[in-house]
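Colleague: I am new to this structure and would like a close look at a single part of it. Could you take one place where helices meet and walk me through it with care?

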Amino acid sequence: MQQLGESMEDYLEAIYVLSQQLESVRSVDVASYLGFSKPSVSHAVKVMSEKGLVRLDQGKILHLTDEGKEIAQSTYQRHCFFSDMLENIGVNKETAAKDACRIEHVISEESFEAIQNFYNNNKK
């Protein structure tokens, strides 16, 4: 799996989440979801396309490639885990979501799996 920056992972995660909610995902949907400008999203789509993570069809619909989907699912899984964990230990929902978004990008796979296993095995 490619090492990407936080921004690219956020774009991939947004496309993935939106694809679960919408019949088709366009750049404008991603811009609205993330609160970014359409030109910023268009630039990111071009970069992700060059990296083989997304493809844009003739109808301007975004599709994750297998690698793009793998990265997006992994990022989303981390986000959901950390958001839920933080809420369960008393962090308010908004703060938990913001913090989870930061943590999901910087933690190693080894540490994530260890924390996840520890937390899941020690939940009351």
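Modeller: What follows is a description of one helix pair and of a pocket that shares residues with it.

The model is a predicted one, and the part I have chosen is the meeting of helix 4, residues 66-88, with helix 5, residues 93-106, whose axes come within 8 Å and cross at roughly 140°. Because of that angle, helix 4 counts as oblique to helix 5, and the crossing in which helix 4 passes helix 5 is right-handed. On the side of helix 4, the residues in contact are Thr75, Arg78, His79, Phe82, Ser83, Leu86 and Glu87, and they meet Lys93, Ala96, Ala97, Asp99, Ala100, Cys101, Ile103, Glu104 and His105 in helix 5. Sorted by character, the residues of this contact comprise seven nonpolar, four polar and five charged.

His79 of helix 4, together with Ala97, Cys101 and Glu104 of helix 5, belongs to this contact, and these residues are also among those that line the second largest pocket. That pocket holds about 150 Å³ of space, and its lining also includes Asp10, Glu13, Ala14, Val17, Tyr33, Leu34 and Tyr76. At least two lining residues come from each of helix 1 (6-21), helix 2 (27-34), helix 4 and helix 5, and helix 1 gives the most, with four residues. In character, the lining of the second largest pocket divides into seven nonpolar residues, one polar and three charged.

Conventions:
Residues are numbered from 1 along each chain as its sequence is written. This is a predicted model: local features need pLDDT of at least 70, side-chain atom pairs count only at pLDDT 80 or more; totals for chains, interfaces and linings use all residues. Side-chain values use heavy atoms; hydrogens and water are left out. Axes are lines fitted to C-alpha atoms, for helices over the stretch in contact, and angles run from 0 to 180 degrees between N-to-C directions. Angles under 35 degrees count as roughly parallel, over 145 as roughly antiparallel, 65 to 115 as roughly perpendicular and the rest as oblique. A crossing is left-handed if the near helix is turned anticlockwise from the far one by less than a right angle, and right-handed if clockwise. Contact means heavy atoms within 4.5 Å. Ala, Val, Leu, Ile, Met, Phe, Trp, Tyr, Cys and Pro count as nonpolar, Asp, Glu, Lys and Arg as charged, and the others, Gly among them, as polar. On a 1 Å grid over the protein atoms alone, a cavity is a set of points where a 1.4 Å probe fits but cannot get out, and a pocket is an open set with protein on both sides within 12 Å along at least five of seven lines; lining residues have an atom within 4 Å of a point. Grid points are joined across faces, edges and corners, and a volume is the space filled by probe spheres set on the points.
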